[in-house]
Amino acid sequence: LSACSHAGLVDEGRCFFFSMSRDHAVSPTLEHYHCMIDLLGRAGRLEEGEELIITMPYEPVAITWITLLGACRMHFDVERGTRVAERVFGLDPDNAAPYVLLSNIYAATGNLEDAANIRKIMWNKGLKKQLGCSCIEVKNRVREFFVEDEIHPQKGEIYDELQRLSRRMEEAGY
């Protein structure tokens, strides 16, 4: 589902999602629904994504709505984005992500005053945007990597390997 989402294969993703229960007797988990919401959202089908949230057999959690909010940001949907952000504020008021996304929606659509007001609310609440993070699991141990991480014990080796991979990708034409 995630691959279909990133490749823009909406129909194929929907087929996979519905075939889980229909053909394989596997009930989609909340995470599968998140993938579907992302798939629909990336494709600009925000109304369908919101309807899926409302009708899914799980109670939406903050990340459920944040997934749709990210799509609202991508497609400049101010009205839906504002409504969705309010839901996240109610579920997870200390999460900076919906404030940042909503502020970005306002800024991208020229509403700089509302963007500044959202940032001010964040500042007043002491909320800060979280640095980007990637996680991988190697030999049953989760490793975390943060943007501009200067304290990781293998920082030099990691950056050397990234440079090596970048050179190989360039040589291959990417």
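Which residues make a nonpolar surface patch of about 550 Å²? The patch is made by Y159, L162, L165, M169 and Y174. The structure is a predicted model, and this briefing considers its surface patch, its largest pocket and one loop residue.

**The nonpolar patch**
- One of the residues that make the patch is M169, and M169 is located in helix 9.
- M169 has a relative accessible area of 45%, so M169 counts as partly exposed, a class that lies between the limits of 20% and 50%.

**The largest pocket**
- The volume of the largest pocket is about 450 Å³.
- The pocket is lined by 18 residues, of which I136, E144, F145, H152 and I158 are the closest to its centre.
- Three elements each give two or more residues to this lining: strand 1 (133-138), strand 2 (141-146) and helix 9 (155-171).
- Helix 9 thus has a part in two topics, as an element of the pocket lining and as the place of M169.
- Sorted by class, the lining of the largest pocket contains eight nonpolar residues, seven charged residues and three polar residues.

**The loop residue E148**
- E148 lies in the loop that runs between strand 2 and helix 9, and both of these elements give residues to the lining of the largest pocket.
- E148 has a relative accessible area of 66%, which is over the 50% limit, and therefore E148 is classed as exposed.
- Along the chain, E148 and G132 are 16 residues apart, while a distance of 8.9 Å separates their C-alpha atoms.

Note on methods:
Residues numbered from 1 in each chain as written. Predicted model: local features only at pLDDT ≥ 70, side-chain atom pairs only at ≥ 80, totals over all residues. Heavy atoms only, no water. 1 Å grid on protein atoms, 1.4 Å probe; cavity = no way out; pocket = protein on both sides within 12 Å on 5 of 7 lines; lining within 4 Å. Points joined across faces, edges and corners; volume = space filled by probe spheres on them. Helix = DSSP H or I, 4+ residues; strand = E, 2+ residues; numbered from the N terminus. Nonpolar A, V, L, I, M, F, W, Y, C, P; charged D, E, K, R; others polar. Patch = residues over 30% accessible without salt bridge, like charges linked within 9 Å, V, L, I, M, F, W, Y side chains within 5 Å. Areas by Shrake-Rupley, 256 points an atom, 1.4 Å probe, with all protein chains shown as cover. Salt bridge = Lys/Arg side-chain N within 4 Å of Asp/Glu carboxyl O. Buried < 20%, exposed > 50% of the residue type's maximum accessible area, 1.4 Å probe, protein only.
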